Amino acid sequence: MTSETHLYLNDSVINDYFNLIQKQYPSVYCFDTYFYVRLEKSKYKSVERWTKKINIFSKRKVFFPINIRRKRFAHWILITADMDKRRVIYFDSLKNHYDYKIHLDILSYLKQEHERKLGYPLQNWRIVRGSNPQQSNGSDCGVFVCTIAEYLARDASFNFKQKNMPSFRKLILYELFIKQLITVDEDVDEDSIVDEIDRMINNSLMNR
């Protein structure tokens, strides 16, 4: 098995990976990447039916993977609604590309969804910017978003950096192949992540 270590992850890959997260962590709900595209274009009424069979406020966390497309710029970010902390958290692996409008759009969606679903206002919620590892190239934002989301889903501390992204890209490819997540322990040192991911993949292949 080989992995492309330089390619930009597309919607299909991101959505398939977030489906794995939702499957492995039932207390987490993941919107797909087309959600915000529709919300931004046609507002709340256009996405009202997306949650017809689910009350997202019964979940611990809700993930919104979003692709920012502005002229020649395309970049993946992750916005998380943390139900316990009552925060809408904006995670971005690139500095100086924060989009306040997107952040507010998600909070506005949650307010309207809460009012419609539960019948009373969403109160005492804040928008905050998350603290996460940063990328140093133009192609790993999708890998960062997937990795950040998987760590958040299990409340793990971030122990990775840019130098670990080729290994996480390989891990994501393998996880999609076997349709199951393989978690990297948060206690693994960043300098040992390469060997740890190789070990986990090899062990999984031997046991299949």
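Where does Asp189 lie? Keep that one in mind; the tour ends there.

**Before you click**

You're looking at a predicted model, so local features need pLDDT of at least 70, side-chain atom pairs count only at pLDDT 80 or more, and totals for chains, interfaces and linings use all residues. Residues are numbered from 1 along each chain as its sequence is written, and side-chain values use heavy atoms, with hydrogens and water left out.

**Select the whole chain**

Colour by secondary structure and you should find 6 helices and 5 strands; these are DSSP runs numbered from the N terminus, helices being H or I with at least four residues and strands E with at least two. Their order along the sequence is α-β-α-β-β-β-α-β-α-α-α. The C-alpha atoms fill a box of roughly 50 × 35 × 25 Å along the principal axes.

Of the 208 residues, 50% are buried, where buried means under 20% relative accessible area, exposed over 50%, and partly exposed in between (1.4 Å probe, protein chains only). Now switch on contacts, meaning heavy atoms within 4.5 Å. Among contacts with a separation of 6 or more, 67% join residues 24 or more positions apart.

**Select 100–118**

This is helix 3, with 19 residues. From first C-alpha to last, helix 3 reaches 27 Å, close to the 27 Å expected at 1.5 Å a residue; that expected span is 1.5 Å times one less than the number of residues.

Show side chains and pick out the buried ones in helix 3, including Ile102, Ile106, Leu107, Tyr109 and Leu110. The buried list also has His103, Asp105, Glu113 and His114. What do the buried residues of helix 3 pack against? Add helix 2 (34–42), strand 2 (61–70), strand 3 (73–82), strand 4 (87–91) and strand 5 (126–129) to the selection, and you have the partners.

**Select Ile172**

Hop over to helix 5 (residues 165–178), where Ile172 sits. Ile172 counts as buried because its relative accessibility is 4%. Leaving aside residues up to four places away in sequence, Ile172 touches Tyr17, Val143, Cys146 and Thr147. Draw a distance to Tyr17: the two are 155 residues apart along the chain, yet their C-alpha atoms are separated by 7.6 Å.

**Last stop: Asp189**

Back to the opening question: Asp189 is in the loop between helix 5 and helix 6 (193–206). Asp189 has a relative accessible area of 44%, so it is partly exposed. Select Phe160 too, 29 residues from Asp189 in sequence and 8.1 Å from it in space, C-alpha to C-alpha.
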